[in-house]
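Trainee: I have a model to look at and do not know where to begin. How should I read it?

Mentor: Open it, and we will go from the whole chain to single residues.

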Amino acid sequence: MPEPQWHLAAAPAVYMATRRARGDVDPATVAAASVLIDADHCCDMAYYRLTGDRYRQLVPLHSWELVALLLLIPSRRFRSVGAGFLVHHVLDLVFGGYGFKELSLAYRAYKRFRTGWLGDWVQWPHGPRGKWQLLYSETRQDRDESGVTS
Ligand SMILES: [Zn+2]
């Protein structure tokens, strides 16, 4: 589920931690990338709007493979984006209710993207809470009740 508010809330900490680490990455880019990656949920919204299918999880940028690729590119900018995406993936894994495999593009493709159930957020800006839906967390219970097991 997209929870950009938590990633946004974490961004200053990501920025500070990256600055302290003094790696060969740009802290502002890392922090921005760690939030902006969630824009790919728009693909799921568009797909849902076109098909009404909420059982396919596209999120093309949520991909360990992409993270690895970006980190391997010998460019400070690409590495910074890769580092930001990595931070995002770890947060999604630990707090976001995603499984490790779910965040692999190859695995999702192998499962024909039937790896998760899209919550009410996918109806944005309609749905039970309208425009605010994106800022509401769906609980594990919501997911479990949908009958999806990972
Ligand atoms: Zn995410």
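**From contacts to residues**

Mentor: Begin with contacts between parts of the chain. In this predicted model, residues 24 or more positions apart account for 59% of the contacts with a separation of 6 or more.

Trainee: How many helices and strands does the chain have?

Mentor: There are 7 helices and 0 strands. Along the sequence the pattern reads α-α-α-α-α-α-α.

Trainee: What percentage of the chain do buried residues make up?

Mentor: Of the 150 residues, 33% are buried.

Trainee: What kind of side chain should I look for inside?

Mentor: In soluble globular proteins, nonpolar side chains tend to be buried together. In this model, the largest nonpolar core has 17 residues. Val14, Val30, Ala33 and Phe85 touch the most other members.

Trainee: Which helices each supply at least two residues of this core?

Mentor: Helix 1 (4-21), helix 2 (27-36), helix 4 (64-72) and helix 5 (76-94) do. Another core, of 5 residues, lies apart from it; Trp117, Leu118, Trp121 and Leu134 are among its members.

Trainee: Take one residue of the largest core. What is Val30 in contact with, leaving aside its neighbours within four places in sequence?

Mentor: Val30 is in contact with Val14, Thr18, Val25, Ser80, Ala83, Gly84 and Val87.

Trainee: Is helix 2 mostly covered or mostly uncovered?

Mentor: Mostly covered, with 7 of its 10 residues buried. These are Pro27, Thr29, Val30, Ala31, Ala33, Ser34 and Val35. They pack against helix 1 and helix 5.

Trainee: Which residues of helix 1 are buried?

Mentor: First the general idea. An α-helix has 3.6 residues a turn, so residues three or four places apart point the same way. In helix 1 the buried residues are His7, Ala11, Val14 and Thr18. Read their numbers in order with that idea in mind. These residues pack against helix 2 and helix 5.

Trainee: How do I check the course of a helix?

Mentor: Compare its end-to-end reach with the expected span, then look for a bend. Helix 1 has 18 residues and reaches 24 Å from its first C-alpha to its last, close to the 26 Å expected at 1.5 Å a residue.

Trainee: Where does helix 1 bend?

Mentor: At Ala11, by about 40°. A proline, Pro12, follows within four residues.

Trainee: What follows helix 1?

Mentor: Arg22, whose phi is positive, near 50°.

Notes
Residues numbered from 1 in each chain as written. Predicted model: local features only at pLDDT ≥ 70, side-chain atom pairs only at ≥ 80, totals over all residues. Buried ≥ 20, exposed ≤ 12 C-beta atoms within 10 Å, placed from the backbone. Contact = placed C-beta atoms within 7 Å. Core = buried A, V, L, I, M, F, W, Y, C linked by C-beta atoms within 7 Å. Expected span 1.5 Å × (residues − 1). Bend = angle between axes of the 7 residues up to and from the residue.
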